Amino acid sequence: MNMDGKTVLITGSTDGVGRYVAAKLAVAGAKVLIHGRDASRARALEEEIKRERGRAPSFFQADLSSLAETATLAHAIRGECKRLDVLVSNAGIGSMNGGPTRQTSHDGHELRFAVNYLAGFALVHHLLPLLKAAAPSRIVNVASLGQHPIDFDDVMITRNYSGSRAYAQSKLAQIMFTIDLAEELKGSGVTVNALHPATYMNTTMVRAGGIAPISTVEEGGAAILRLVSGDDVAGKSGLFFNGLREARANPQAYDAAARQRLRALSLDLAGLPRP
Ligand SMILES: NC(=O)c1ccc[n+]([C@@H]2O[C@H](COP(=O)([O-])OP(=O)(O)OC[C@H]3O[C@@H](n4cnc5c(N)ncnc54)[C@H](OP(=O)(O)O)[C@@H]3O)[C@@H](O)[C@H]2O)c1
């Protein structure tokens, strides 16, 4: 897909691999909607894109640990764009950002579930009309190989909490959502896929975990860009990729009843109507 003139939203594009992908797409001529929490980091990216003669991006500020701010973000995007060719749901917090103890979102939900999964779930639902208007269009969920099954009796992990379990649960939830949404969007021209970009890239979340990076942002960015614009994945939907290769996710992702349970819970938590 030629990205010149396409509109692409990348959540969490003020840092890490999202920032890399945003810059590449702007230089390729896409109208990039940058998202993050920090206006000064966004300005630095805007300057970099200008230096590289990329197309000027727009910046949208929102804290995805608040469902109200997530809805306001979608509202602002709907005000500026009539169509959205690609949504990359990339914003996330790692297992150790903010320390090892359990944290909660503005809405009182377990923080990784809220930011890494539920906000993206809500944002996609709010922006589906724009994605459908641009069909063929794509949703890319940046998940991970780190996956932990959801305990539906304790989704908010009030017992036996660990940051790595919370992170991995949120990442599997993204993949379950991907498979579920692909079913729902069959025939609409909107595809949705998930991926593990690369292992321990040199980014803020990896450094916050005290982990020595073993891959680069360029490597993970290439895997994301392939799902954004690759002709070889045009029309493919509901898949999980490990880097560039299609892969199997945790078995719970293929449990239709678990996906249905997650969807019903997520619609309720996000205040969205059940169909
Ligand atoms: N790094 C890896 O090796 C690796 C491996 C597998 C998967 N991933 C996935 O790749 C994605 C990007 O990670 P990264 O490594 O590039 O991380 P990163 O450098 O820490 O960047 C994370 C991005 O998410 C944003 N973000 C965090 N919390 C937010 C919140 N409450 N509201 C809004 N935005 C928020 C950050 O915004 P601010 O600039 O405002 O902080 C930043 O732009 C994540 O989904 C991650 O799970 C990464």
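# A quick tour: one helix, a few salt bridges and a ligand

Let's start with helix α4, which runs over residues 111-133: it has 23 residues and reaches 32 Å from its first C-alpha to its last, close to the 33 Å expected at 1.5 Å a residue. Keep in mind as you look around that this is a predicted model. Beyond α4, you'll meet a structure with 8 salt bridges and a ligand with 34 residues around it. Here's the tour, topic by topic.

**Helix α4 up close**

- Take a look at L127, where α4 bends by about 55 degrees. A proline, P129, follows within four residues of that bend.
- Is α4 mostly covered or mostly open? It's mostly covered, with 18 of its 23 residues buried.
- The N-terminal end of α4 has a cap, and the residue doing the capping is E110. One of E110's side-chain oxygens sits 3.1 Å from the backbone nitrogen of R112.

**Just past α4: a cis bond**

- Move on to the loop between α4 and β5, and you'll find P136 there.
- The peptide bond that joins A135 and P136 is cis, with omega at about 5 degrees.
- Now compare P136 with R159: they're 23 residues apart in sequence, and their C-alphas are 43 Å apart in space.
- R159 itself belongs to the loop between β5 (137-142) and α5. It's partly exposed, with a relative accessible area of 47%.

**Salt bridges around R263**

- Which residues are linked with R263 in a network of salt bridges? They're D180 and E184.
- In one of these pairs, the side chains of D180 and R263 meet at 2.8 Å, N to O. D180 lies in helix α5 (residues 163-184) and R263 in helix α8 (residues 256-269), so this salt bridge ties together parts that are 83 residues apart in sequence.
- Both of those partners are tucked away: D180 counts as buried at 13% relative accessibility, and R263 is buried too, at 17%.
- The side chain of E184 also meets that of R263 in a salt bridge, this time at 3.3 Å, N to O. Again, the pair links distant parts of the chain, with E184 in α5 and R263 in α8, 79 residues apart.
- E184 counts as partly exposed, because its relative accessibility is 38% and the partly exposed class runs between 20% and 50%.

**Another salt bridge**

- D232 and R226 also pair up, their side chains meeting in a salt bridge at 2.9 Å, N to O.
- Is each partner buried or partly exposed? D232 counts as partly exposed at 46% relative accessibility, while R226 is buried, with a relative accessible area of 18%.

**Around the ligand**

- Of the 34 residues around the ligand, the ones that come nearest are T14, R37, Y167, M201 and T203.
- Backbone atoms join in as well. A backbone N or O atom of Y200 lies 3.0 Å from an oxygen atom of the ligand.
- D15 has a polar backbone atom 3.5 Å from a ligand oxygen, and G16 has a polar backbone atom at 3.5 Å from a ligand oxygen too.
- How much of the ligand does the protein bury? Taken alone, the ligand exposes 910 Å², and the protein buries 96% of that.

**Q174 and its contacts**

- Q174 is found in helix α5, and it's buried, with a relative accessible area of 2%.
- What does the side chain of Q174 make a polar contact with? One partner is the side chain of K171, at 3.0 Å.
- A polar atom of the Q174 side chain also lies 3.3 Å from the backbone oxygen of V142.

**Two residues with positive phi**

- R53 isn't a glycine, yet it has a positive phi of about 60 degrees. You'll find R53 in the loop between α2 (39-51) and β3 (58-61).
- R53 counts as exposed, since its relative accessibility is 76% and exposed means over 50%.
- I157 isn't a glycine either, and its phi is positive at about 50 degrees. This residue lies in the loop between β5 and α5.
- Is I157 buried or exposed? At 0% relative accessibility, I157 counts as buried.

Terms used
Residues are numbered from 1 along each chain as its sequence is written. This is a predicted model: local features need pLDDT of at least 70, side-chain atom pairs count only at pLDDT 80 or more; totals for chains, interfaces and linings use all residues. Side-chain values use heavy atoms; hydrogens and water are left out. A salt bridge is a side-chain nitrogen of Lys or Arg within 4 Å of a carboxyl oxygen of Asp or Glu. Buried means under 20% relative accessible area, exposed over 50%, partly exposed in between (1.4 Å probe, protein chains only). The expected span of a helix is 1.5 Å times one less than its number of residues. The bend at a residue is the angle between axes fitted to the seven residues ending there and the seven starting there. A polar contact is a pair of N or O atoms within 3.5 Å; within protein, one must be able to donate a hydrogen and the other to accept it, and residues adjacent in sequence count only if both atoms are side-chain atoms. A residue is near a molecule or strand if one of its heavy atoms lies within 4 Å of it. Accessible areas come from the Shrake-Rupley method with a 1.4 Å probe; for residues, only the protein chains shown count as cover.
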